[in-house]
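Let's take a walk through this protein together, one piece at a time. Keep the 3D view open and turn it as you read.

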Amino acid sequence: MSHPLFSLEGRVAVVSGAASGMGRQMAIGFAEAGADLLLLDINLPGAEATASDIERLGRKAIAKQTDVSDLEQIRETFKLLDQEFGRIDVIGNVAGEGETGAPEEMPVEQVQQVFQNLVFGRFAMCQEAGRRMLKQGKGSIINFGSIGGWNSLGRGHMPYGMSMAAVIQMTRELSTEWAARGVRVNCILPAQVWNDGLRARVKTTPEVQDTFVGGIPMNRLGEPEEIKGPAIFLASDASSFVTGMALPMDGGNLAMNAGGTYLGSPRASG
Ligand SMILES: NC(=O)c1ccc[n+]([C@@H]2O[C@H](COP(=O)([O-])OP(=O)(O)OC[C@H]3O[C@@H](n4cnc5c(N)ncnc54)[C@H](O)[C@@H]3O)[C@@H](O)[C@H]2O)c1
């Protein structure tokens, strides 16, 4: 039997990136906890497949093709939310693409585009959701950051790291602005979690997996399903006094000094 504090019964959640990976698993987790869902993704057939899975759980689910880097599309999507659901209790800001390149060569316009995808898109989603939640006097916003927004990943990830750091600070600012009016704003910082892109990369360059695992004391990469627990905690009343938090979901990565080794580490000699 689950604890009632974790229930999302009667609540409406919006999740971006809901066609695959952590967005899909977050949405399914919310539905399993009782929520109805508006599912956003650029991949409409994928979001529709998630909607079908959620309907099989007995919850309402609508898929809407939305590019979260396009402010007009976000506004249109929230109009649909008003028509179809009439409220919003939870938003999971998961989707958004980075781009890699050497900082000395990358055109500034490319860095701007990553900010458009990851920062301005998430802010527009927070603003649309926040306005409605403030009127209701209650709501929970969950932004996706990354361990790459906390310290440096290197390997050409500068625009991604800059953007994710901005998402973490946006989360703190919004949490401070809205806390007294009932709206909580937190973010989750995943380390490397399996997805189709990573699987393809490991297939062509197997050493990538060991390199990533070398930074993770749990000695493995994350599974997309592992987002469910932290996401349901932050979405539900179980976290009613928690706001402004950046929660690592990283197998211990951020806790470890970069030069550290640990039992089981590929770099430890014994
Ligand atoms: N997987 C990781 O290792 C990891 C680590 C830290 C942070 N993150 C972040 O978490 C998020 C999800 O990662 P994942 O591994 O579940 O990815 P994934 O590739 O499995 O899924 C991403 C989903 O987002 C959708 N999407 C991409 N751009 C979009 C856009 N502009 N508008 C709407 N939808 C869009 C894709 O169609 C896809 O369904 C990403 O933002 C990623 O940066 C991932």
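What follows goes from the sheet to the helices, then to the core and two loop residues.

One thing to keep in mind from the start is that this is a predicted model.

Start with the sheet. It is an open sheet of 7 strands, and if you step across it you meet them in the order S3-S2-S1-S4-S5-S6-S7, with parallel pairing. At the edges sit strand S3 (61-65) and strand S7 (246-249), each of which pairs on one side only. As you go from one strand to the next, the twist averages 15°. If you're new to sheets, here's the general idea: strands of a sheet pair through backbone hydrogen bonds, either parallel or antiparallel.

Now zoom in on one pair. Strand S1 (residues 12-16) and strand S2 (residues 36-41) run parallel and are joined over 5 bridges. To find your place there, look for Val-12, which stands opposite Asp-36 in S2. Helix H2 (residues 44-56) packs on the sheet here, touching S2 and S3, and its direction makes about 175° with that of S3.

Move along to another pair, S4 and S5, which run parallel and are joined by 4 bridges. Here Val-90 is the residue opposite Ser-140 in S5. How many residues of strand S5 (residues 139-144) are buried? The count is 6 of its 6 residues, so to speak a mostly covered strand. Both of its faces are covered: Gly-139, Ile-141 and Asn-143 are buried on one side, and Ser-140, Ile-142 and Phe-144 are buried on the other.

Next, the helices. Helix H1 (residues 21-32) lies across S1, S2, S3, strand S4 (90-93) and strand S6 (183-190), running at about 170° to S1. It's a good helix to follow, with two helix partners to look at here. A word on how such pairs are described: two packed helices are described by the angle between their axes and the distance between the axes.

Take H1 with H2. Their axes come within 10 Å and cross at roughly 20°. Angles under 35 degrees count as roughly parallel, so H1 and H2 are roughly parallel to each other. The crossing of H1 and H2 is right-handed. On the H1 side, the contact is made by Arg-24, Ala-27, Ile-28 and Ala-31, and on the H2 side by Thr-50, Asp-53 and Ile-54.

Then take H1 with helix H8 (residues 228-235). The axes of these two come within 9 Å and cross at roughly 55°, which makes H1 oblique to H8. This crossing of H1 and H8 is right-handed. Gln-25, Met-26, Gly-29 and Phe-30 of H1 make the contact with Lys-228, Ala-231, Ile-232 and Ala-235 of H8.

Another pair to find is H4 and H5. The axes of H4 and H5 come within 9 Å and cross at roughly 20°, and therefore H4 and H5 are roughly parallel to each other. The crossing of H4 and H5 is right-handed. Among the residues that meet are Val-111, Phe-115, Leu-118 and Phe-123 in H4, and Tyr-160, Met-164, Val-167 and Trp-178 in H5.

On to the core. In soluble globular proteins, nonpolar side chains tend to be buried together. In this model the largest nonpolar core has 65 residues, and those with the most contacts inside it are Ala-13, Val-15, Ala-27, Phe-30, Leu-37 and Leu-39. Which helix gives this core its largest share? That's helix H4 (residues 108-136), with 9 residues. Ala-27 is worth clicking on: leaving aside residues up to four places away in sequence, Ala-27 touches Val-15, Ala-18, Leu-37, Leu-39, Thr-50 and Ile-54.

Finally, two loop residues. Most residues other than glycine have a negative phi, and most peptide bonds are trans. Arg-155, though, has a positive phi, near 40°. You'll find Arg-155 in the loop between S5 and helix H5 (158-178). Arg-155 counts as exposed because it has 11 C-beta neighbours inside 10 Å. Asn-219 has a positive phi too, near 65°, and is located in the loop between helix H7 (207-213) and H8. With 14 other C-beta atoms within 10 Å, Asn-219 is partly exposed.

Note on methods:
Residues are numbered from 1 along each chain as its sequence is written. This is a predicted model: local features need pLDDT of at least 70, side-chain atom pairs count only at pLDDT 80 or more; totals for chains, interfaces and linings use all residues. Two strands pair if DSSP finds at least two bridges between them. Axes are lines fitted to C-alpha atoms, for helices over the stretch in contact, and angles run from 0 to 180 degrees between N-to-C directions. Two residues are in contact if their C-beta atoms, placed from the backbone, lie within 7 Å. A nonpolar core is a set of buried Ala, Val, Leu, Ile, Met, Phe, Trp, Tyr and Cys residues joined through C-beta atoms within 7 Å. A residue is buried if 20 or more other C-beta atoms lie within 10 Å of its own, exposed if 12 or fewer, and partly exposed in between; C-beta atoms are placed from the backbone. Angles under 35 degrees count as roughly parallel, over 145 as roughly antiparallel, 65 to 115 as roughly perpendicular and the rest as oblique. A crossing is left-handed if the near helix is turned anticlockwise from the far one by less than a right angle, and right-handed if clockwise.
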